[in-house]
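Q: I should like a close look at one part of this model, namely the cysteines, followed by a connected account of their surroundings. Please begin with the sulfur atoms and work outward from there.
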Amino acid sequence: MTHVAKIAAIVLAAGGSRRLGRPKQLVQIAGESLLRRAARAASDTSCAHVLCVLGDRSDEMVAELAGTRAVVVRNAAWERGIGTSIRAGVQAAEELGATAVLVMLCDQPFVDAALLTSLISSFEAGGVSPRSAVLGAACSYAGTVGVPALFGRSLLGSLRDLGDDEGARKILARVAGDLAVIDAPGAETDVDTEDDVAKL
């Protein structure tokens, strides 16, 4: 069996959108909320499972996921930081038998199924690493390497050990030489403020 059947996509969508002042998850882009857009992109890949980690106003978010493959993971500790959501998603993924996770944010509107599929394919193929297999795959944009990113089995423990307010980027930086990295300039766009919404 290939890695693909054991990958769980984790959509991080628990935050309170303090800078925006309203739930960014529900911001509409071309008639579709950012949350639904992200869940649909993940659902249109070969990932075995799609998990959406919800926190703030989660009851309002659930309706946005109707018709996708997404399963809701509720994070009661979401206010403590993104690390709590990553840990909740990884735990749920492992309980479902996943051996790798594809971590993505709900507020990168130009991240689509094609990009996610490229990440999966790069991981499957071993990327450009001289080793027989890479530890994961990540996106390159704006001079950095970040999410969406795929973390193989050997990195799941590091994700579980993240501090409450720590993101996955520190792990990507630590294992940079063992990642398959793909260019993804579209992943640079995210939504944090009303100006960002207006530009979209």
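Why does the sulfur of Cys-139 form no bond with another cysteine sulfur?

A: The sulfur of Cys-139 forms no such bond because the closest cysteine sulfur, in Cys-47, is 13 Å away, too far for a bond. The model is a predicted one, in which local features need pLDDT of at least 70 and side-chain atom pairs count only at pLDDT 80 or more, while totals for chains, interfaces and linings use all residues. Residues are numbered from 1 along each chain as its sequence is written, and side-chain values use heavy atoms, with hydrogens and water left out.

The structure as a whole holds zero disulfides, a disulfide being a pair of cysteine sulfur atoms within 2.5 Å. Cys-106 is likewise in no disulfide, and its nearest cysteine sulfur, that of Cys-52, is 8.4 Å away. Cys-139 has a relative accessible area of 0% and is buried; Cys-106, at 5%, is buried also. Here buried means under 20% relative accessible area, exposed means over 50%, and partly exposed lies in between, computed with a 1.4 Å probe on protein chains only.

Cys-106 also leads to the cavity. A cavity is a set of points, on a 1 Å grid over the protein atoms alone, where a 1.4 Å probe fits but cannot get out, and its lining residues have an atom within 4 Å of a point. Grid points are joined across faces, edges and corners, and the volume is the space filled by probe spheres set on the points. Rolling a probe the size of a water molecule over the atoms shows where empty space is left. By this rule there is one cavity of 30 Å³ or more, and the largest cavity holds about 50 Å³ of space. Cys-106 is one of its lining residues, which also include Met-104, Leu-105, Asp-107, Gln-108, Pro-109 and Val-111. Leu-34, Arg-37 and Ala-38 belong to the lining as well. Helix H1 (34–43) and strand E6 each supply at least two residues of this lining, and H1 gives the most, with three. Helices (H or I, at least four residues) and strands (E, at least two) are DSSP runs, numbered from the N terminus.

Leu-105, another lining residue, links the cavity to the strands. Leu-105 of E6 is the bridge partner of Leu-12. Strand E1 (residues 7–13) and strand E6 (residues 100–105) pair in the parallel sense over six bridges; two strands pair if DSSP finds at least two bridges between them. E1 also pairs with strand E4 (residues 49–54), again in the parallel sense and over six bridges, and there Leu-12 stands opposite Val-53. E1 is mostly covered, with seven of its seven residues buried. Ile-7, Ala-9, Val-11 and Ala-13 point one way from E1, whereas Ala-8, Ile-10 and Leu-12 point the other way.

From H1 the account passes to Thr-68, in the loop between H2 and strand E5 (70–74). Thr-68 touches Arg-36, Ala-39, Arg-40 and Ser-43, not counting residues up to four places away in sequence; contact means heavy atoms within 4.5 Å. Thr-68 counts as buried at 17% relative accessibility, and its side chain reaches the backbone nitrogen of Ala-70 at 3.1 Å. Helix H2 (residues 58–62) contains Ser-58, which counts as buried at 11% relative accessibility. The side chains of Ser-58 and Arg-74 are joined by a polar contact of 2.6 Å. A polar contact is a pair of N or O atoms within 3.5 Å; within protein, one must be able to donate a hydrogen and the other to accept it, and residues adjacent in sequence count only if both atoms are side-chain atoms.

Returning to the part of the chain that holds Cys-139, one finds Ala-142 in the loop between strand E7 (136–141) and E8. Ala-142 is exposed, with a relative accessible area of 54%, and its phi is near 55°, a positive value in a residue other than glycine. Pro-148 has its place in strand E8 (residues 144–151), and the peptide bond from Val-147 to Pro-148 is cis, with omega near 5°. Ala-30 likewise has a positive phi, of about 50°, although it is not a glycine. Ala-30 is placed in the loop between strand E2 (28–29) and strand E3 (32–33) and counts as exposed at 81% relative accessibility.

Definitions and conventions
1 Å grid on protein atoms, 1.4 Å probe; cavity = no way out; pocket = protein on both sides within 12 Å on 5 of 7 lines; lining within 4 Å.
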